[in-house]
Amino acid sequence: MMDKRLISIYLPFTHLMSLTLCPKCGAETKRLYKNVCRKCFLENFTLAVLPLVLHARICSRCNARFDRNKWRDEGDLEDIVIRTVEDELFVHEEADDVDIVMEPRELTPHLYKVKVEIDAMVEGEPLHQELVTEVRIIREACDRCSRMSGGYFEAILQIRAANRMVTPEEIDACKLICADMVEKLWKKGGRFAFITDCIDSKDGADIYLGSANAGRQICKAVVSEIGGTFSESPTLYGHKDGKDLYRITFSMRLPEFMPGDIILYKGSVIEIRNSGKNSKGIYLATGARFLVETEKLDGAIRIANRDDAVGAVLVAVEGDDIMVLDPTTYQTITLKKPMFFSSEAGDEIPVISTEQGLFALPEDSAHRL
Ligand SMILES: [Zn+2]
Ligand SMILES: [Zn+2]
C-alpha cells in the first residue's frame, strides 16, 4: 500500500491517467477487471473448487484404483490419493500459469487429509487459494485379483513336443517365456494376463492362463525363441449376458529336432540349425543348405548332436577337401570342407562319427542361414 503522503503527491498525475469509477461499488479505480474494480471482481471470482469429501476405491491386494468404470494400476496409495484430488479439483478456465501444490497426510489407513495450494494469474493479477479435502479409502478386490483368487482361467497352454518327450530344460524355458510375457502384457494394461496354475505331466506341461490373448502371445514367443508350431481350439463353457463364453486350448508342439541335432533324412546327414514352420540346416557331406517344411520331416531320425562332436587333427586343406586324422582309427581320411571354414593344418576341428561315416562340423558361429 502507498502511504498517504505519496498518494497526495501523485494524485494529480493519477487523475491524468484517467481514474474510472467502479459501476458496482462506485469506488475509483485505475483499471477495471471484467468491468468492475479489483475488490468487486475478487468477491465474485472463485479460482478453484474442490469437494470437501472424496472417495477412492482401491484393491486391497494390488493397490489398483477403480476409476471411470475401470480398474487401473496407478502407483502407490499416496499417488492414488493425489490423483483422486486432481480428478475432482476444478480450476477456473480463465486462470493462466496455474501452479498446484498438494500435501497429502495420512490420518488413518482409511483416511487422508489433503491440503491444496493453487497459484495462478487471472486478468494479469496473481491469485492464491488454499483448499482442504479428505479422501476416504474404500478397500475391495479388483477384477484381476478376484479372478486370480477364484482360479479363473480362459486358456490352457499345453506344451508338448513332436514325436518325443519335452525335456525339463524346455519346460523351464517355456515357463520363463510365459512369466515374461504375462508381466509384459499386464504392464501394458492386460488385466487378465496372469498364470492361474501350472501342472507338469509326463509328456510336457499344462499352463492355465487368465486371458486367451496371453496364451496366443506366449505361443508366438515360444515359436520365435525355441521353434515349433501351435494350434488353438475353443471350447464353449458357459454364457454371460447373452454371449457365449469360450475357453481356448493352445497346443504348442515343440519341434522334434532342435538346433544342434544331427539327423538322417532320405539318406543324407544334416545338422539342424533352426526349427519352426520350416526346418533349416546344413548337409554335412556337401556343406549345402537344407530347407524343408518341418511337417515333411516325417521319417527323419536323430542320429547325433553337436555336443557329441570330438576333436580331430586337421592334416591338410586342399581345395574343397580337407584331410583329418580319424580320432578312432588314426587313419587320414578326406572329407568335404565345411562352409565358413577357417582352420589350418595342425588345428583340431570338431568332427562327428556316425554310422554313415565321419563328418566335419561347420563352425558354430556360422549361423548364416
Ligand atoms: Zn467495485
Ligand atoms: Zn487387485
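Where is Glu88 found? In this predicted model, the residue sits in helix H3, which covers residues 77-88. Is Glu88 buried or exposed, or something in between? With a relative accessible area of 41%, Glu88 comes out as partly exposed, since that label covers values between 20% and 50%. A look across the fold pairs this residue with Arg136: the two are 48 residues apart in sequence, and their C-alpha atoms are 14 Å apart in space.

Next comes charge on the surface. Asp76, Glu78, Asp79 and Glu106 come together there as a patch of negative charge. One of these residues, Glu106, belongs to strand E8, which runs over residues 96-108. Glu106 has a relative accessibility of 47%, so it counts as partly exposed.

Strand E8 also holds Asp97, and here the backbone does something worth a second look. As a rule, most residues other than glycine have a negative phi. Asp97 is not a glycine, yet its phi is positive, at about 45°. Its relative accessibility is 63%, and therefore Asp97 counts as exposed, the cut-off for that word being over 50%. Glu123 gives another case: its phi is positive too, near 55°, and this residue is likewise something other than glycine. Glu123 is placed in a loop, the one between strand E9 (111-122) and strand E10 (125-140). Because its relative accessible area is 30%, Glu123 is classed as partly exposed.

Now for the aromatic rings. A pair of such rings is described by two things, the distance of the centres and the angle of the planes. How many aromatic pairs does the model have? The count comes to 7 aromatic pairs. Among them is the pair of Phe153 and Tyr208, with 5.0 Å from centre to centre and 85° between the planes, an edge-to-face arrangement. This pair ties together distant parts of the chain, as the partners are 55 residues apart. Phe153 is in the loop between helix H4 (143-149) and strand E11 (155-161), while Tyr208 is in strand E13 (residues 204-209). Why does Phe153 count as buried? Its relative accessible area is 17%, and buried means under 20%. Tyr208 passes the test as well, being buried with a relative accessible area of 18%.

Tyr265 and Phe290 make another aromatic pair, with ring centres 5.7 Å apart. Their planes stand at 75°, so this pair is edge-to-face, as angles over 60 degrees are given that name. Once more, distant parts of the chain are linked: Tyr265 comes from strand E16 (residues 261-265) and Phe290 from strand E19 (residues 289-293), with their positions 25 residues apart in the count. Tyr265 has a relative accessibility of 9% and so counts as buried. Phe290 is buried too, at a relative accessible area of 3%. Elsewhere, ring pairs join Tyr33, Phe41 and Phe45 into a cluster.

One last stop is Ala360, a residue of strand E25 (residues 357-360). Buried or exposed? At 4% relative accessibility, Ala360 counts as buried. Its C-alpha atom is separated by 43 Å from that of Val182, a residue 178 positions away along the chain.

Notes: Residues numbered from 1 in each chain as written. Chains lettered and ligands numbered in written order. Predicted model: local features only at pLDDT ≥ 70, side-chain atom pairs only at ≥ 80, totals over all residues. Heavy atoms only, no water. Patch = residues over 30% accessible without salt bridge, like charges linked within 9 Å, V, L, I, M, F, W, Y side chains within 5 Å. Areas by Shrake-Rupley, 256 points an atom, 1.4 Å probe, with all protein chains shown as cover. Salt bridge = Lys/Arg side-chain N within 4 Å of Asp/Glu carboxyl O. Lys, Arg positive; Asp, Glu negative; His and termini not counted. Charge placed at Lys NZ, Arg CZ, Asp CG, Glu CD. Helix = DSSP H or I, 4+ residues; strand = E, 2+ residues; numbered from the N terminus. Buried < 20%, exposed > 50% of the residue type's maximum accessible area, 1.4 Å probe, protein only. Phe/Tyr/Trp six-rings, centres within 6.5 Å; stacked < 30°, edge-to-face > 60°.
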